Amino acid sequence: MADSSKQGSHPSEDQKKAIYEGLSEDQKKKQTYTEWVKDAYNNQYENWMPWIEDKYLAWFGTDNKASYATKDTLDKTKVTGISQVDKLQDGVNNLVGDQIGKDGLLAPVGNMASKEGINRAERGGKDEHGSYGGPASSYTDPVVKNAQGAGQGLAGGAQSAGGAVTDGVKGAGSYVGGLFGGGKKE
């Protein structure tokens, strides 16, 4: 009975392999089994962690991510080392952070910054549904994916050009090194 409850929480190694074997040959050529499992794990982590962090902050405090980050950043600005000034600065930092926290005057702004700013940044620009554009995603997602593809193409071209330059420099280096007794010994 304990085994069946464990299987419900996450797929077993055999279940993962069965899912991988069900992929098309094209998909299998793009990724090994290990790479595929890593991608699946990273996708789940990307989807769940922002939600878990939000729930933790909601249950155990009065902060959202924006107020927590604000307080944390302001806490790093203490410069005097005088306890009375630091205590005053702590009070001001908490006042500012609490205004964008759960019950603050600017709570809607803090909640939006947390959800649309911080959570999207943690998910690489995607919302909780995996879309880049929200309601306009049917228009924006293809544009973003095409731009990413173009960026990867440019990066690949720059990498190969850089490799050619590096190879040329290495060749010149071995030539110059040969003049001074270095280089390949035959």
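1. Surface. About 13800 Å² of the protein chain is exposed, and carbon and sulfur atoms supply 61% of that area. The model under review is a predicted one. Buried residues make up 16% of the 186 residues in the chain.

2. Secondary structure. The protein chain contains eight helices and zero strands. Read from the N terminus, the order of elements is accordingly α-α-α-α-α-α-α-α. As for the contacts in the chain with a separation of 6 or more, 39% of them join residues 24 or more positions apart.

3. Aromatic pairs. Five aromatic pairs are present in the structure. One of them joins Y20 and Y33: the ring centres are 5.4 Å apart and the planes stand at 75 degrees, so the pair is edge-to-face, the cut-off for that class being over 60 degrees. The pair links distant parts of the chain, with Y20 in helix α2 (residues 13–21) and Y33 in helix α4 (residues 33–60), 13 residues apart. Both Y20 and Y33 are buried. Together with W36, these two tyrosines form one aromatic cluster.

4. K28. Helix α3, residues 25–30, contains K28. Is this lysine, K28, buried or exposed? With a relative accessibility of 18%, K28 counts as buried, because the limit for that class is under 20%. Apart from residues up to four places away in sequence, K28 touches Y20, E21 and L23. Y20, one of these contacts, is also a member of the aromatic cluster described in point 3.

5. Largest pocket. The volume of the largest pocket is about 360 Å³. Its lining consists of 13 residues, and those nearest the centre are P11, K16, A40, Y41 and Q44. Helices α2 and α4 each supply at least two lining residues. The greatest contribution comes from α4, with nine residues. By class, the lining of the largest pocket comprises 10 nonpolar, two polar and one charged residues.

6. Second largest pocket. The second largest pocket has a volume of about 290 Å³. It is lined by 16 residues, of which D54, K55, S114, K115 and N119 lie nearest its centre. Here α4 and α7 (107–122) each provide at least two residues of the lining. Helix α4 again gives the largest share, in this case six residues. The lining of the second largest pocket divides into three nonpolar, five polar and eight charged residues. For the reader setting the two sites side by side, the corresponding division in the largest pocket is 10 nonpolar, two polar and one charged.

7. A69. This alanine, A69, is found in helix α5 (residues 65–75). Its relative accessible area of 35% makes A69 partly exposed, because that class covers values between 20% and 50%. Along the chain, A69 and G97 are 28 residues apart, and their C-alpha atoms are separated by 8.2 Å.

8. D86. Helix α6, residues 83–99, holds D86. The aspartate D86 has a relative accessible area of 16% and is buried. Which residues does D86 contact once its neighbours within four places in sequence are left aside? They are K78, T80 and G81. D86 and D75 are 11 residues apart in sequence, and the distance between them is 9.3 Å, C-alpha to C-alpha.

9. A107. A107 belongs to helix α7, one of the helices that supply the lining of the second largest pocket. With a relative accessible area of 7%, A107 is buried. When residues up to four places away in sequence are not counted, A107 touches N64, Q99, I100, G101 and K102. A107 also lies 9.5 Å from D63, C-alpha to C-alpha, the two being 44 residues apart in sequence.

10. Points to examine in the model. The reader may wish to begin with helix α4, which holds Y33 of the edge-to-face pair, gives nine residues to the lining of the largest pocket and provides six for the second largest pocket. The buried charged residues described above, K28 and D86, can then be viewed with their contacts: Y20, E21 and L23 for K28, and K78, T80 and G81 for D86.

Methods. Residues numbered from 1 in each chain as written. Predicted model: local features only at pLDDT ≥ 70, side-chain atom pairs only at ≥ 80, totals over all residues. Heavy atoms only, no water. Phe/Tyr/Trp six-rings, centres within 6.5 Å; stacked < 30°, edge-to-face > 60°. Helix = DSSP H or I, 4+ residues; strand = E, 2+ residues; numbered from the N terminus. Buried < 20%, exposed > 50% of the residue type's maximum accessible area, 1.4 Å probe, protein only. Contact = heavy atoms within 4.5 Å. Areas by Shrake-Rupley, 256 points an atom, 1.4 Å probe, with all protein chains shown as cover. 1 Å grid on protein atoms, 1.4 Å probe; cavity = no way out; pocket = protein on both sides within 12 Å on 5 of 7 lines; lining within 4 Å. Points joined across faces, edges and corners; volume = space filled by probe spheres on them. Nonpolar A, V, L, I, M, F, W, Y, C, P; charged D, E, K, R; others polar.
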